[in-house]
Amino acid sequence: MWRDTTPLPTFPKLQENLVTDVTIVGAGITGITTAYLLAKEGYKVTLIEAGMILNGTTGHTTAKITSQHGLIYNELLQHFGHEKARLYYEANEEALRFIRSVVTEMEIDCQLSEENAYIYLQAEDEKEQKKMEDEFDAYKQLSIPGVWHDRLTIPVPAVCGISLPNQARFHPLQYLKKLTEELVSLGVQIYEKTTAANLEENEDHVKVFLENSDRHITSKYVVSASHFPFHDPRLYFARMHAERSYAIAIEPETSYEGDMYISIDTPERSLRSVQYGDKNLLIVGGENHKTGQGISTHEHYEKLLTFAGEHFGVKKVYFRWSAQDLITIDKVPFIGPIGGAYNRVFVGTGYGKWGMTTGTVAGRLLTDLIMKRSNPYAELYDPGRFKADPSIKNAIKENLNVVKELITGKVDLSHPKLGDLGTDEGSVVWHEGKRAGAYKDPEGKVHLVDRTCTHLGCEVEWNSGERSWDCPCHGSRYSYDGTVMEGPASEPLKKLDA
Ligand SMILES: Cc1cc2nc3c(=O)[nH]c(=O)nc-3n(C[C@H](O)[C@H](O)[C@H](O)COP(=O)(O)OP(=O)(O)OC[C@H]3O[C@@H](n4cnc5c(N)ncnc54)[C@H](O)[C@@H]3O)c2cc1C
Ligand code: FES
């Protein structure tokens with residue numbers, strides 16, 4: 001939706017070897033914010049993007065800018081203690097202030113508007129109610145200025161809620177487009193359709209090698225801002241999982257009063273408004289599921305539409321979209337040195353669907369790390385942190401889920417034959433006595449792929465809404481013809497003869 005309403009500049013593909021101070025891989029909120037801050041400090045920065053800038057998760061967010069990240073503070077308090085839980089809040093509040101100050105200084109017209117953020121409970125449930133009460137108690141202990149509500153003023157089922165004042169929402173691409181224009185005037189070299197394949201670190205520099213090319217970029221530092229790290233020396237795939245979410249932007253029958261809401265119980269529902277021309281649209285989000293493990297995409301949209309119709313009335317549906325974000329096993333993002341044997345490579349990932357503030361935290365923190373300045377949040381976000389609880393428990397749970405998917409994918413036998421496939425339809429099919437992934441395009445051409453994920457061998461599943469093959473294990477996504485769309489996989493699915 002955001003791209004449809006914002007024409008963006010385009011950039012060439014990198015065709016030569018380059019030498020620069022810092023190479024940033026990935027042009028979402030993390031890459032662009034980091035490039036902006038480093039360029040302002042006088043660094044020569046090169047930003048490369050595999051596709052088009054701002055077409056990753058940042059182009060498909062709901063763009064609430066808030067320190068209220070669902071139910072988080074009680075968990076942080078329990079597992080990290082008072083100091084770190086408070087630091088988490090402060091880091092995100094600082095990011096919000098940073099965005100505000102950039103918008104004011106650069107006079108960016110991006111619909112930035114101050115609102116209250118709410119978490120709320122949809123249905124009576126003793127266990128969930130207790131979680132809300134514990135969360136509010138954590139707010140009090142951490143001096144977070146939340147307010148308890150026994151009822152909400154919006155027309156959705158709600159038992160109680162907690163609001164956090166002075167939060168915000170904006171149009172993320174209008175904001176980041178202006179930052180990108182600023183990058184160009186600061187001399188940042190930006191390249192699209194330029195994919196980092198791997199890297200090699202030497203004593204005083206790092207070489208980033210490009211995919212399908214013998215080109216490379218040599219720099220003093222590299223930042224992986226590629227959502228899932230394009231290089232994985234620390235088994236990030238085993239410490240994060242990918243979750244898809246869906247959103248629709250509708251013109252409601254009843255006017256929506258504003259403020260931003262997200263439920264804590266399932267099915268998750270998220271609400272915010274957005275100005276589109278002279279219309280005040282309502283964005284309804286939710287229907288989260290682990291990538292590759294959901295029902296059909298259309299059903300998710302239908303459920304959101306039914307919810308919107310029941311509670312707000314739907315005059316017209318303007319946009320619908322889905323995207324995925326990465327969630328770490330202890331819910332705290334990974335921002336800092338990428339790990340392994342690398343000293344000059346940094347990463348920002350695992351934002352748990354709160355990347356507007358966290359991507360901004362990452363830009364500031366990674367700039368400080370590269371400049372060897374101290375930063376109060378470095379330890380909190382350090383990807384090398386180790387906490388026995390909940391990380392280990394969640395890691396075991398996640399990896400058991402991976403094992404289950406690995407086995408399910410290999411033994412599931414209920415599939416149609418290739419000839420039964422309709423036009424513009426994809427499915428796992430029986431083909432020459434074996435299972436294969438098939439998609440028949442609108443021209444009737446069949447694209448057949450081996451479903452074995454090139455990351456670690458799980459079986460990918462068809463995503464009918466996005467026409468992609470999604471891996472249920474660690475969230476890799478491939479287009480209908482097997483081309484990689486999202487990592488950790490870096491190699492395409494093997495093509496088969498139809
Ligand atoms: C449906 C949904 C709603 C959300 N709502 C909110 C919200 O209300 N508030 C909030 O704070 N957060 C929200 N989030 C989360 C937020 O949008 C993300 O956390 C954030 O956009 C991630 O930004 P990023 O820069 O890390 O990644 P991206 O925006 O995905 O950028 C990474 C870029 O790297 C590129 N890339 C990948 N691999 C390579 C490679 N090898 N070489 C070169 N380039 C590469 C990709 O093409 C991509 O453009 C939401 C997420 C979803 C899915
Ligand atoms: S993403 Fe890891 S096996 Fe597919």
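Is threonine 20 buried or exposed? Threonine 20 is buried, because its relative accessible area is 6% and buried means under 20%. This is a predicted model, and every value below was computed from it.

Threonine 20 is a good place to start. The residue sits in strand β1, which spans residues 18-25. Valine 188 is 168 residues away from threonine 20 along the chain. In space, the C-alpha atoms of the two are separated by 9.8 Å.

A second buried residue belongs to a helix. Asparagine 92 lies in α3, which covers residues 82-105. Its relative accessibility is 0%, so asparagine 92 counts as buried. The side chain of asparagine 92 has a partner in the backbone. One of its polar atoms lies 2.8 Å from the backbone oxygen of tyrosine 88.

Next comes the ligand. The shell around ligand 1 holds 33 residues. Glu49, Thr58, Thr62, Asp325 and Met356 come nearest. By type, the shell divides into 13 nonpolar, 16 polar and four charged residues.

Some contacts can be picked out by atom. Threonine 61 places a polar side-chain atom 3.1 Å from a nitrogen atom of ligand 1. For threonine 62, a polar side-chain atom lies 2.7 Å from an oxygen atom of the ligand. Alanine 63 takes part through its backbone: a polar atom there is 3.2 Å from an oxygen atom of ligand 1. How much of the accessible area of ligand 1 does the protein cover? On its own, ligand 1 has 1000 Å² of accessible area, and the protein covers 92% of this.

Which elements build the shell? Those that give two or more residues are α1 (29-40), β15 (314-328) and α7 (355-370). β15 gives the most, with three residues. The domains tell the story on another scale. Domain 1 is made of the segments 3-61, 173-238 and 331-388. Domain 2 runs over 241-325. Both give residues to the shell, so ligand 1 lies between them.

Now follow the chain to strand β13, residues 269-276. Why is β13 described as largely enclosed by the rest of the structure? Six of its eight residues are buried, so the rest of the structure largely encloses the strand. Leucine 271 is found in this strand. Leucine 271 is buried, with a relative accessible area of 0%.

β13 has a partner in β12, residues 260-263. The two strands pair in the antiparallel sense over two bridges. Together they form a hairpin with five residues between them. Within this pairing, leucine 271 of β13 is the bridge partner of tyrosine 261. These two residues are 10 apart along the chain, and their C-alpha atoms are separated by 5.0 Å.

β13 also pairs with β14, residues 279-290. Eight bridges join these antiparallel strands. One of the matched pairs is serine 270 with glycine 285, the latter in β14. The hairpin of β13 and β14 has two residues between the strands. There, glycine 277 takes a positive phi near 60°.

Further along lies an open sheet of four strands. Its order is β18-β19-β20-β25, and the pairing is antiparallel. The edge strands are β18 and β25 (495-496), each of which pairs on one side only.

Take the sheet pair by pair. β18 covers residues 425-431, and β19 covers residues 434-440. Seven bridges join these two antiparallel strands. Valine 429 has alanine 436, in β19, as its bridge partner. Their hairpin has two residues between the strands, and glutamate 432 takes a positive phi near 50° in it.

β19 then pairs with β20, residues 446-449. How many bridges link β19 and β20? There are four, and the sense is antiparallel. Tyrosine 439 is matched with histidine 447 of β20. This hairpin has five residues between its strands. Which residue of the hairpin of β19 and β20 takes a positive phi near 90°? Glycine 444 does.

How values were computed:
Residues are numbered from 1 along each chain as its sequence is written. Chains are lettered from A and ligands numbered from 1 in the order in which they are written. This is a predicted model: local features need pLDDT of at least 70, side-chain atom pairs count only at pLDDT 80 or more; totals for chains, interfaces and linings use all residues. Side-chain values use heavy atoms; hydrogens and water are left out. A residue is near a molecule or strand if one of its heavy atoms lies within 4 Å of it. A polar contact is a pair of N or O atoms within 3.5 Å; within protein, one must be able to donate a hydrogen and the other to accept it, and residues adjacent in sequence count only if both atoms are side-chain atoms. Accessible areas come from the Shrake-Rupley method with a 1.4 Å probe; for residues, only the protein chains shown count as cover. Ala, Val, Leu, Ile, Met, Phe, Trp, Tyr, Cys and Pro count as nonpolar, Asp, Glu, Lys and Arg as charged, and the others, Gly among them, as polar. Domain bounds come from an automatic or database domain assignment. Two strands pair if DSSP finds at least two bridges between them. Buried means under 20% relative accessible area, exposed over 50%, partly exposed in between (1.4 Å probe, protein chains only).
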